[in-house]
Amino acid sequence: GIVKVLVHHQKCVDQLSSQIEHARYDQRQLIMPVPQNEYEKLYSELCSIRQELLIIQDELENLLVASLLSPKHLFLRNSLTETLDVLIARVELYTNELTYLVSGHNVPGCFATLIIKKQPFPKSIKQNIKSTSGSEDAILVELVNAPKTDCRPAGKVMAAMSIADRVPSSKKTKRNSLAMQNDQQTMNSNGVVRFPDLRFMHGTRLKIATVKFSLEVEYLKSDGSVCKSLIESNNSNPFIVMTNENQWESAAGNLLKYYAFKDGLFSEISWNRFANLLQSHYLRSTRQDVSNPARP
């Protein structure tokens, strides 16, 4: 039954991805000023696609609660969830640009966005150690342009780290505690950048941390003028930076609790949800290939 559900969702996601590409083409071909009927048709189509993506996202979330998943099915479910996040971000970008084209009002995030396509998180990492181990994906960030916009990098992509529930401190202490190495990289001609050796220089004292990426871009406005803007990615999945290996047990426990209870959103959860997330964290912690584990 679970296989059928996952295969069905995969087919739906593939179809919606194709619809997004068609919508992108249609939006790029729009004449200016945009005719009201063309706007309404395209806006309705984008809203419909987004709604279907959100429904699949909810159903995949409910799958964690309803069933005990094998490692292989967990991997497929998690991969689909990551794909959905990317597709939803694209649809929201296209919708924002469409609104701008009709209204003329500059909607935040209506020209381009940065999307984290791949990442090794969630995990606990030792300070000053490469954040990506052998079988894991390096951090991959992509610049996604709105259909009628051509944004180009005007500098390097920069990583910025934040720590949850941090006690306020001086600027110098804050800067030191969030220090990273190899945190600036140049984007390639395809609008993609890798961070293969990002290192966190200080521990997070067992607190949850995330990283996001920013880039200054140049783009042409409809009147032909060149503008610059700073765009940011979504936050990465959470991680904890350890100062020594003795903290691994506590760090792994904090990450599992954060995921299982959705950062305190839930006060109690089902056994299925706990067992599925424990399995995912175990496979990551033992550095196994999550798509084909040797010791599930």
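At what angle do α2 and α6 pack, and how far apart are their axes? In this predicted model, α2 and α6 pack at an angle of about 100°, and their axes lie 6 Å apart. The two helices are therefore roughly perpendicular to each other, since angles of 65 to 115 degrees count as such. On the α2 side the residues that meet α6 are E61, L63, L64, V65 and A66, while on the α6 side they are N272, R273, N276 and L277.

**Helix α2 and its partners**

Helix α2 covers residues 36-66, and its 31 residues should span 45 Å at 1.5 Å a residue; the C-alpha atoms at its ends are 44 Å apart, which agrees with that expectation. Several residues of α2 are buried, namely Y39, L42, L46, I49, L53, I56, L60, L63 and L64. The buried residues of this helix pack against α1 (2-28), α3 (71-103) and α6 (271-285). Of these buried residues, L63 and L64 also appear in the set that meets α6.

**Helix pairs**

The table sets out the axis distances and angles for three pairs of helices.

| Helix pair | Axis distance | Angle |
|---|---|---|
| α2 and α6 | 6 Å | about 100° |
| α1 and α3 | within 10 Å | roughly 20° |
| α5 and α6 | within 10 Å | roughly 140° |

The axes of α1 and α3 come within 10 Å and cross at roughly 20°. That makes α1 roughly parallel to α3, because angles under 35 degrees are counted in this way. The contact is made by residues of α1 that include I2, V3, L6, V13 and I20, and by residues of α3 that include L76, L80, L84, L87 and Y94. Charged and polar names also occur in the contact, among them H9, Q10, E21 and R24 of α1 and H73, R77, R90 and E97 of α3. As for handedness, α1 passes α3 in a left-handed crossing.

Helix α5, which comprises residues 248-260, has an axis that comes within 10 Å of that of α6, and the two cross at roughly 140°. These helices are therefore oblique to each other, and their crossing is right-handed. The contact is made by W248, L255, L256, Y259 and A260 of α5 together with R273, F274, L277, L278, H281 and S285 of α6. Two of these α6 residues, R273 and L277, are also among those that α2 meets.

**Strand β2**

Strand β2 covers residues 123-126 and contains K123. Is K123 buried or exposed? K123 is buried, because its relative accessible area is 15% and the cut-off for buried is under 20%. The side chain of K123 reaches the backbone oxygen of S131 at 3.0 Å. Apart from neighbours within four places in sequence, K123 is in contact with S131, T132, S133, E136, P238, F239, I240 and L255.

S124 lies in strand β2 as well, and at 16% relative accessibility S124 counts as buried. With neighbours within four places in sequence left aside, S124 is in contact with I240, M242, W248, A251 and L255. I240 and L255 are thus named in the contacts of both K123 and S124, and L255 also takes part in the contact between α5 and α6.

**A residue in helix α3**

P71 lies in helix α3 and, at 14% relative accessibility, counts as buried. P71 and V141 are 70 residues apart along the chain, and their C-alpha atoms are separated by 26 Å.

Terms used. Residues numbered from 1 in each chain as written. Predicted model: local features only at pLDDT ≥ 70, side-chain atom pairs only at ≥ 80, totals over all residues. Heavy atoms only, no water. Helix = DSSP H or I, 4+ residues; strand = E, 2+ residues; numbered from the N terminus. Buried < 20%, exposed > 50% of the residue type's maximum accessible area, 1.4 Å probe, protein only. Polar contact = N/O pair within 3.5 Å; in protein donor to acceptor, adjacent residues only side chain to side chain. Contact = heavy atoms within 4.5 Å. Expected span 1.5 Å × (residues − 1). Axes fitted to C-alpha atoms, helices over the stretch in contact; angles between N-to-C directions. Parallel < 35°, antiparallel > 145°, perpendicular 65-115°, else oblique. Left-handed = near helix turned anticlockwise from the far one by under 90°.
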